[in-house]
Amino acid sequence: MNAELQGRVVAVTGASKGIGLALVRALTAAGAQVIAGARSVDGVQVPGATFLPLDVTDEASVQAFADRAAAAGVDALVNNAGVGAFMPVQDITPDEYHRVMDTNVKGTLLVTRALIPHFQARHAAGQGSQVVNVTSDVSNRTFANGALYTASKYGQRAVTHALAHEGQGYGLRVTEVRSGMVDTYFAGSQPGESHKADWLKPEDVADAILYALSVPARVRIDEILLHPTVQEVAYP
Ligand code: NJP
């Protein structure tokens, strides 16, 4: 048990698999209560977690999730839900644009927006809150075939930074977690594919998020950047 997470209530989006599911397991093991959301949650169970259907692109779905989280006394939100798609600029269709941007940028905005009144009420009651946004190591650099995905992650990073400025006024600590390649279901892949053997495991990213959530209230972790050792070193 992690003393800093004992009794905490954390909402996690994109919690049905990959990094999100690893985070739900790590948080509950550390003694936190978790409100977990994704589109496909049937049959997903972790003791100590409540799984709810959530489509982060859908305002009504988001509001229902946020209401449940607020009623449970949520003190931290992890915007982890995300999708990836990689193609040359000339192949980006409007449909694909909307799928990626709506999930990664609009989704982060909608879920965060829905919980801000709750976080402001906590501040008025003398309590702090946290938001952790899982963006990407490519939230500030790009590459061939990366226009759509990196545009979404640059956008999500901008939302993160603006929220950090605004949230300081109501006791909100905001963290951006930026990971390199992780062995999940990301972008239509399958965990365990041989070329991903040396990539980060979802648990590695979950541990980074856990760190940001478990530091004392006087500490704000603005950003965590992590990569698998084998990934090429690349600074913007
Ligand atoms: O991917 P995956 P990761 N509403 O596919 C959910 C970032 N990242 O864990 O809705 C609600 O295993 C989906 O659930 P479902 C990445 O950009 C990754 O790797 O049931 N939930 C599932 O639980 C993303 O932000 C890598 O389909 C929605 C989860 O999201 C985060 O890490 C590198 C949803 C995705 O699980 C987690 O991705 C990097 C919606 N509309 C950043 N749409 C990497 N893996 O290499 C999807 O730099 N989900």
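**View 1. Serine 152 sits in helix 4.** This is a predicted model. In it, serine 152 has 0% relative accessibility. Buried means under 20% relative accessible area. Serine 152 therefore counts as buried. Its side chain reaches the backbone oxygen of tyrosine 149. The distance of that contact is 2.6 Å.

**View 2. Tyrosine 149 has a polar side-chain atom 2.7 Å from the ligand.** The ligand atom in this pair is an oxygen. On the tyrosine 149 side, the partner is an N or O atom of the side chain. Taken alone, the ligand exposes 900 Å². The protein buries 95% of that area.

**View 3. Two backbone positions also face ligand oxygen atoms: isoleucine 19 and phenylalanine 186.** For isoleucine 19, a polar backbone atom is 2.9 Å from an oxygen atom of the ligand. For phenylalanine 186, a polar backbone atom is 3.5 Å from an oxygen atom of the ligand.

**View 4. The ligand sits in the largest pocket.** Which elements give two or more residues to the shell around the ligand? They are helix 1, residues 18-29, and helix 4, residues 147-167. There are 31 residues around the ligand. Arg39, Ser136, Tyr149, Ser179 and Thr184 come nearest. The shell holds 13 nonpolar residues and 13 polar ones. Another five are charged.

**View 5. Histidine 161 also has its place in helix 4.** Is histidine 161 buried, exposed or partly exposed? Its relative accessible area is 36%. Buried means under 20%, and exposed means over 50%. The value for histidine 161 falls in between, so this residue is partly exposed. Now pair histidine 161 with alanine 49. In sequence, these two residues are 112 residues apart. In space, they are 29 Å apart, C-alpha to C-alpha.

**View 6. Arginine 218 lies in a loop between helix 5 and strand 7.** Helix 5 covers residues 202-214, and strand 7 covers residues 223-226. Why does arginine 218 count as exposed? Its relative accessibility is 75%. Exposed means over 50%, so arginine 218 counts as exposed. A second arginine, arginine 173, is 45 residues from arginine 218 in sequence. C-alpha to C-alpha, arginine 218 and arginine 173 are 9.7 Å apart in space.

Conventions
Residues are numbered from 1 along each chain as its sequence is written. This is a predicted model: local features need pLDDT of at least 70, side-chain atom pairs count only at pLDDT 80 or more; totals for chains, interfaces and linings use all residues. Side-chain values use heavy atoms; hydrogens and water are left out. A residue is near a molecule or strand if one of its heavy atoms lies within 4 Å of it. A polar contact is a pair of N or O atoms within 3.5 Å; within protein, one must be able to donate a hydrogen and the other to accept it, and residues adjacent in sequence count only if both atoms are side-chain atoms. Accessible areas come from the Shrake-Rupley method with a 1.4 Å probe; for residues, only the protein chains shown count as cover. On a 1 Å grid over the protein atoms alone, a cavity is a set of points where a 1.4 Å probe fits but cannot get out, and a pocket is an open set with protein on both sides within 12 Å along at least five of seven lines; lining residues have an atom within 4 Å of a point. A molecule sits in a cavity or pocket if more than half of its atoms lie within 2 Å of its grid points. Helices (H or I, at least four residues) and strands (E, at least two) are DSSP runs, numbered from the N terminus. Ala, Val, Leu, Ile, Met, Phe, Trp, Tyr, Cys and Pro count as nonpolar, Asp, Glu, Lys and Arg as charged, and the others, Gly among them, as polar. Buried means under 20% relative accessible area, exposed over 50%, partly exposed in between (1.4 Å probe, protein chains only).
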